[in-house]
Amino acid sequence: MPSIKKSKEDVVESVRRKTGVAEMQLKSESIYLYMRGQSGGTLNNAMYRLGELFKMTSRSANKTTHNMIKEWFENDIVSAAKLETESLMASLEALQEQIIPGISFIDIKNPDMTIPVNIIHKSHLEIINLVSQIDFIMDEIETISLSCPWDEEIEQTSRTQALLVLNNIASKIFKVTKPGKRDGGQFSPIFFIEGLNKGVFTLYPDLIEKKNNVVNIKKSKIDNETSITESNDDNGLTEEV
């Protein structure tokens, strides 16, 4: 778990909410390059957006929407990512059983791969823990790659699988919260929460039909259950807060 500390440097940009700055000490080159790049920035933006929703709904006397978001986050984001991470770990364990022993290193030297992470809500810690687990797995795979005469495509496949887990987290958050962009402008957490409260927005867009980027409630002709429709999709990987 990264330590949270106040920055001693002068504040360069303003912040909208009280923000803890954590330092992540990464060991995998793949995860470090991802987290310090545009995709990592997108993941941080997704975490920030989610954190705002948690903080705003937690202050409401009626906790229905807050609990709904919490359940969705735990089941569709965290649990799903954990399953994908376990699959990546299984790939590592299978690889360790199959590899032919190569060079035995007396030490592994890494460059400084420290990155700052802004935290406005404890939900961010769940994501950071997942990043740390994936970083550990990829570090092991990269070390094996250095020491053994194996097909480099194996490392590339593992890297693709690892980064897909992180991409899925960000893309799911942005896909679900996309209706919160009023008239195509910036995301408004208040507008999105109001939509959830009124039942015109949903946390489960994969269960809806798409039509004119407007959410409509209608009766399903198939099972006579209420469904919600909206249009236009977005992978969310270049979204901003």
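The buried residues of helix H1 pack against H2, S3, H4 and H5. The residues in question are Ser30, Ile31, Tyr32, Tyr34 and Met35. At the start of H1, the backbone nitrogen of Ser30 has a side-chain oxygen of Ser28 within 3.3 Å. These values, like those that follow, come from a predicted model.

The surroundings of H1 may now be placed in the whole chain. The protein contains six helices and five strands. Read from the N terminus, its elements follow the order β-β-α-α-α-β-α-α-α-β-β. Of its 241 residues, 42% count as buried. Among contacts with a separation of 6 or more, 70% are made by residues 24 or more positions apart.

One of the buried residues of H1, Ile31, leads to the interior. Together with Leu26 and Val131, Ile31 has the most contacts inside the largest nonpolar core, a set of 51 residues. At least two residues of this core are supplied by each of strand S2 (20-25), helix H1 (29-36), helix H2 (38-58), H3, S3, helix H4 (123-147), helix H5 (152-177) and helix H6 (189-198). Such a core fits a broader pattern: in soluble globular proteins, nonpolar side chains tend to be buried together. Val131 shows how separate parts of the chain meet here. Leaving aside neighbours within four places in sequence, Val131 is in contact with Met24, Leu26, Ile31, Met35, Leu43 and Leu166.

Val131 also takes part in the packing of two helices. Two packed helices are described by the angle between their axes and the distance between the axes. For H4 and H5, the axes come within 10 Å and cross at roughly 175 degrees. An angle over 145 degrees counts as roughly antiparallel, and H4 and H5 are therefore roughly antiparallel to each other. On the H4 side, the contact is made by Ile127, Leu130, Val131, Ile134, Met138, Ile141, Glu142 and Ser145, while H5 contributes Glu155, Ser158, Arg159, Ala162, Val165, Leu166 and Ile169. By character, the residues of this contact between H4 and H5 divide into ten nonpolar, two polar and three charged.

Helix H3 can be considered next, through Thr85, which is found in that helix. Is Thr85 buried or exposed? Its relative accessibility is 3%, and because buried means under 20%, Thr85 counts as buried. Apart from residues up to four places away in sequence, Thr85 touches Leu130, Gln133, Ile134, Ile137 and Val165. Among these neighbours, Leu130 and Ile134 belong to the H4 side of the contact between H4 and H5, and Val165 belongs to the H5 side.

Helix H4 also holds Leu125. Leu125 is partly exposed, because its relative accessible area of 24% lies between the limits of 20% and 50%. Leu125 and Ala22 are 103 residues apart in sequence, yet their C-alpha atoms are 9.9 Å apart in space.

Helix H2 contains Arg49. With a relative accessible area of 0%, Arg49 is buried. The side chain of Arg49 forms a polar contact of 2.9 Å with the side chain of Thr177. Arg49 also introduces a further part of the chain: Pro189 is 140 residues away from Arg49 in sequence, but the two are 7.7 Å apart from C-alpha to C-alpha. Pro189 has its place in helix H6. This proline is buried as well, with a relative accessible area of 13%. Residues up to four places away in sequence not counted, Pro189 touches Glu52, Leu53 and Met56.

A last residue, Asp112, lies outside the helices and strands. Where is Asp112 placed? Asp112 is in the loop between helix H3 (64-98) and strand S3 (114-119). Its relative accessibility is 61%, and since exposed means over 50%, Asp112 counts as exposed. The side chains of Asp112 and Thr114 are joined by a polar contact of 2.7 Å. Not counting residues up to four places away in sequence, Asp112 touches Gln25 and Tyr32. The C-alpha atoms of Asp112 and Lys27 are separated by 8.7 Å, although these residues are 85 residues apart along the chain. The contact with Tyr32 returns the reader to H1, since Tyr32 is one of the buried residues of that helix.

Note on methods:
Residues numbered from 1 in each chain as written. Predicted model: local features only at pLDDT ≥ 70, side-chain atom pairs only at ≥ 80, totals over all residues. Heavy atoms only, no water. Helix = DSSP H or I, 4+ residues; strand = E, 2+ residues; numbered from the N terminus. Buried < 20%, exposed > 50% of the residue type's maximum accessible area, 1.4 Å probe, protein only. Contact = heavy atoms within 4.5 Å. Polar contact = N/O pair within 3.5 Å; in protein donor to acceptor, adjacent residues only side chain to side chain. Core = buried A, V, L, I, M, F, W, Y, C linked by side-chain atoms within 4.5 Å. Axes fitted to C-alpha atoms, helices over the stretch in contact; angles between N-to-C directions. Parallel < 35°, antiparallel > 145°, perpendicular 65-115°, else oblique. Nonpolar A, V, L, I, M, F, W, Y, C, P; charged D, E, K, R; others polar.
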